[in-house]
Amino acid sequence: MNTAELWQRYQDWLYYDEKLGFYLDVSRMSFDDAFVETMKPKFDKAFKDITAIEAGAIANPDEERMVGHYWLRDPDLAPTDELKQDIIDTKQSIIDFAHKIHSGEIAPPSGGKFTQILSIGIGGSALGPQFVAQALATLDAPLKIYFIDNSDPEGIDQILATISDRLDTTLVSVISKSGGTPETRNGMLEVKQVYEDRNLNFADHAFAITGKGSQLENQAKSEGWLATFPMRDWVGGRTSELSAVGLVAAALQGINIQAMLDGAKAMDALTRKPDLKNNPAALLALSWYFAGNGKGEKDMVILPYKDSLLLFSRYLQQLIMESLGKEKDLDGNIVNQGIAVYGNKGSTDQHAYVQQLREGVNNFFLTFIEVLKDRNAPSVEIEPGITSGDYLIGFLLGTRQALYEKQRDSITITIPDVNETTVGALIALYERAVSLYASLININAYHQPGVEAGKKAAASILSLQERVVEVLQKSQRALSLSELATQAEAPEQIETVYKIVRHLYANQRGIILTGNLGQPSSLKIAWQSH
């Protein structure tokens, strides 16, 4: 395609919304008009499907649940007056709580004001708040936020050491819909113990974001925690950033949550148009489908050219991969769908993996995210008439061109600035693109059986560990690995038994090992009391 043709294609496919200052360019995706025509019937169905979801259709048949994260930014769309009022009341309670914390009306027992938040959650209860904190929190935010988002003991210790001298002025947010999420429960119990060791009342510092009637809500109320906020069945973890899950932390950090909701609402409106070329979420879904042949055959690389958007690719990993990574379609056929997502930031990527993207395996497509505003203050001229921001946009445009020359497809999203409105709009854009794409490939984007399978498998391992320890404690002699596995009623899981024993031994948890660790069959295992 010559320069004039490429320029015309750019103009033909450029999407722009003046109110948001939002641009979407799919001209460097190499689909042709014939492909677009073949996709129109699929999109006609997808537009109807997403309309039905917004109206309250059961979108998660496995759990008989509606999917209503769209209502969070436009309560008037909620299918019942009760749901509408619940959304309005929850937002107001979040605003009131943040005001009371900032003013000192709700204060730590030691006096003064709360100075930071320790957020305990995992998956959507961590990735969204982390992304928004990095993107939008200012250096002078009223509260700084820290995260425990894993069950790694050293990771927990590191975070607690960081805030150790301010533990008495730390708010602890515990986020779990059921209250039984192991990683969140573990983090809460670890933190609670530290408070008790310091003779601090954990309840005077804690609030919960959880499901109505959950064990966590019951615990918070019985122990007198500072507050509870609801997580609704109709909001999944990966679409929960604009619910209490993300809004409480954002409001406490001084982030304008109404502007985030307004940005999402504005993008929702743009992406409701049943017109492929004038719907930015549909243009994304079209590009994803083309790139991967409707089967996820190519990875999605997210490259934001802005430090504050570094975590956007991690946030999108969960949203896209958990939503689209499915074994079966809606008809029960084995399809093994999904799109792998990864990314770094520009221009760091040019010194990392762009070499492979340009000259290696062509198994990906890119999304560049361009931010027009460089900074809030005037920029230094690095060279006459050239600033650091000029270099950054040069790197983006140069990389885009270099990749196009090698027939690497790319999308470019351009926003005027990183602010509450644009972040809310980006969140909504990708949520809706995921929903449309899921319809195109005939899968359920709103369940996650693979995640549940992993949780069940982990629980079975811990149950096996209990049996292994019980066998060793009762045994009058050291056992071989095969004897231990047999007596624990798990001879077919001998490798897992070995790894359990090895872990307990490494952490001095009562195991005595003799023999060669590199030759498991040589080991003799006993309990320390012997």
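User: What does Asp 25 stand opposite in β15?
Analyst: In this predicted model, Asp 25 stands opposite Thr 412 of β15. The two strands involved, β2 with residues 22–25 and β15 with residues 410–415, pair in the antiparallel sense over 3 bridges.

User: OK, and what order do the strands of that sheet have?
Analyst: The sheet is open, has 6 strands with mixed pairing, and follows the order β1-β2-β15-β12-β10-β11. The strands β1 (14–17) and β11 (341–343) stand at the edges with a single partner strand each, so one side of each is left without a neighbour in the sheet. From one strand to the next, the twist averages 15°.

User: Which strands does helix α10 lie across?
Analyst: Helix α10, residues 280–291, lies across β1, β2, β10 (299–304), β12 (364–371) and β15, and runs at about 25° to β2. Helix α1, residues 3–13, lies across β1 and β2, running at about 40° to β1.

User: Switching to Arg 28, where is its place?
Analyst: Arg 28 belongs to the loop between β2 and α2, the latter spanning 33–54.

User: Buried or exposed, and how far away is the nearest side chain of opposite charge?
Analyst: Arg 28 is buried yet has no salt bridge, and the nearest side chain of opposite charge is that of Asp 25, 5.0 Å away. A salt bridge would need a side-chain nitrogen of Arg within 4 Å of a carboxyl oxygen of Asp or Glu.

User: Then what does Arg 28 touch?
Analyst: Leaving aside residues up to four places away in sequence, Arg 28 touches Leu 6, Tyr 10, Arg 400, Tyr 404, Arg 408, Asp 409 and Ser 410.

How values were computed: Residues numbered from 1 in each chain as written. Predicted model: local features only at pLDDT ≥ 70, side-chain atom pairs only at ≥ 80, totals over all residues. Heavy atoms only, no water. Pairing = 2+ DSSP bridges. Helix = DSSP H or I, 4+ residues; strand = E, 2+ residues; numbered from the N terminus. Axes fitted to C-alpha atoms, helices over the stretch in contact; angles between N-to-C directions. Contact = heavy atoms within 4.5 Å. Buried < 20%, exposed > 50% of the residue type's maximum accessible area, 1.4 Å probe, protein only. Lys, Arg positive; Asp, Glu negative; His and termini not counted.
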